[in-house]
Amino acid sequence: MRIKSVLRYEANRRKVFLCMSFPNLNLPPITLQTRPGANGRPTVWDVLRRRYVTLTAEEWVRQHFVHYLIAECGYPAGLLANEIALDVGGVRRRCDTVLFAREGARPRVIVEYKAPQVPITQEVFNQIQSYNSVLKADYLIVSNGLRHYCCRMDYEGDRVIFLREIPRFEELV
C-alpha cells in the first residue's frame, strides 16, 4: 500500500499542488513538517540537523527511523546526528545517522538507510562496514524502512552478532 503525501503551498502568489508517493513503512507513522524548497521540490524538517532538507525516498526512511529511535527506543536526540562526514580510505563519505556515547562522544551506533525500493544486499552491509572500519561503533543498523537489520560488533571475539530487534537505548551494551 502506498501513501500519497499532498503538499499545498503558495509559490509566486498561486497555489501549487504537489503529489509524492511513498510506501507505508515498517515503522510507526509520524507527522512530518514540510515546505517547498528553493528548487520547487518539497523539503522536510530534520530534527537532528535543525534545518529543512530535500524530501527524497531515502530521507522519508531516515526521518521515520530517527523518530522511531527517539520516540520508541529512547535514544536521546542530543546524542544522535545525521550525515556525519568521515574519510574512508582517502574518500570523503557520510554516515546517515550516528549515535554517540554520552562520555567522550565515541560512536556507539551507525545507521545506514536506503530508499524503500532498494533491497538490503551484501553491498549495503559492506558500505556500513567501511564506515565502521573508521568509527568502530558497537552496533550497526541497516534499514530501507521495510526491513531492518541490526548487529552488535564483538571486537574481542572478532564476530558480528545479528540481533532480533533494535535495542532500546538503555539496553546498549
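Ring pairs tie Phe65, Tyr68 and Tyr113 together into a cluster. Rings of Phe, Tyr and Trp (its six-membered ring) count as a pair if their centres lie within 6.5 Å. The structure holds 7 such aromatic pairs. Keep in mind that this is a predicted model, where local features need pLDDT of at least 70 and side-chain atom pairs count only at pLDDT 80 or more, while totals for chains, interfaces and linings use all residues. Residues are numbered from 1 along each chain as its sequence is written, and side-chain values use heavy atoms, with hydrogens and water left out.

Phe65 turns up again in the largest nonpolar core, which has 29 residues. Such a core is a set of buried Ala, Val, Leu, Ile, Met, Phe, Trp, Tyr and Cys residues joined through side-chain atoms within 4.5 Å. Buried here is under 20% relative accessible area, exposed is over 50% and partly exposed is in between (1.4 Å probe, protein chains only). The residues with the most contacts inside this core are Phe65, Tyr75, Leu99, Val109 and Ile166. Helix H1 (57–71), S8 and S9 each supply at least two of its residues, and H1 gives the most, with 6 residues. A second, separate core has 16 residues, including Ile110, Ala137, Leu140 and Cys151.

Leu99 has plenty of company: leaving out residues up to four places away in sequence, it touches Tyr75, Leu79, Leu80, Arg106, Pro107, Arg108, Val109, Phe169 and Leu172. Contact means heavy atoms within 4.5 Å.

What about Asp96? This residue lies in strand S7 and is buried, with a relative accessible area of 4%. The side chain of Asp96 reaches the backbone nitrogen of Tyr113 at 2.7 Å, a polar contact (N or O atoms within 3.5 Å; within protein, one must be able to donate a hydrogen and the other to accept it, and residues adjacent in sequence count only if both atoms are side-chain atoms). Beyond four places in sequence, the residues touching Asp96 include Glu58, Arg62 and Tyr113. Asp96 and Ile110 are 14 residues apart in sequence, yet 7.6 Å apart in space, C-alpha to C-alpha.

Now for the backbone oddities: two residues have a positive phi although neither is a glycine.

| Residue | Phi | Loop | Relative accessible area |
|---|---|---|---|
| Ala105 | about 55° | between strand S7 (91–100) and strand S8 (107–113) | 47%, partly exposed |
| Lys136 | about 55° | between helix H2 (122–135) and strand S9 (139–143) | 45%, partly exposed |

How many disulfides does a search of the whole structure find? The count is 0, a disulfide being a pair of cysteine sulfur atoms within 2.5 Å. For Cys73, the nearest cysteine sulfur is that of Cys150, 9.3 Å away. Cys73 is buried, at 2% relative accessible area. Cys151 is in no disulfide either, with the sulfur of Cys150 nearest at 6.3 Å, and Cys151 is buried too, at 4%.

Stepping back, the chain has 2 helices and 11 strands, running β-β-β-β-β-α-β-β-β-α-β-β-β from the N terminus on. Helices (H or I, at least four residues) and strands (E, at least two) are DSSP runs, numbered from the N terminus. Of its 173 residues, 46% count as buried. Among contacts between residues at least 6 apart in sequence, 44% join residues at least 24 apart.

Definitions and conventions. Phe/Tyr/Trp six-rings, centres within 6.5 Å; stacked < 30°, edge-to-face > 60°.
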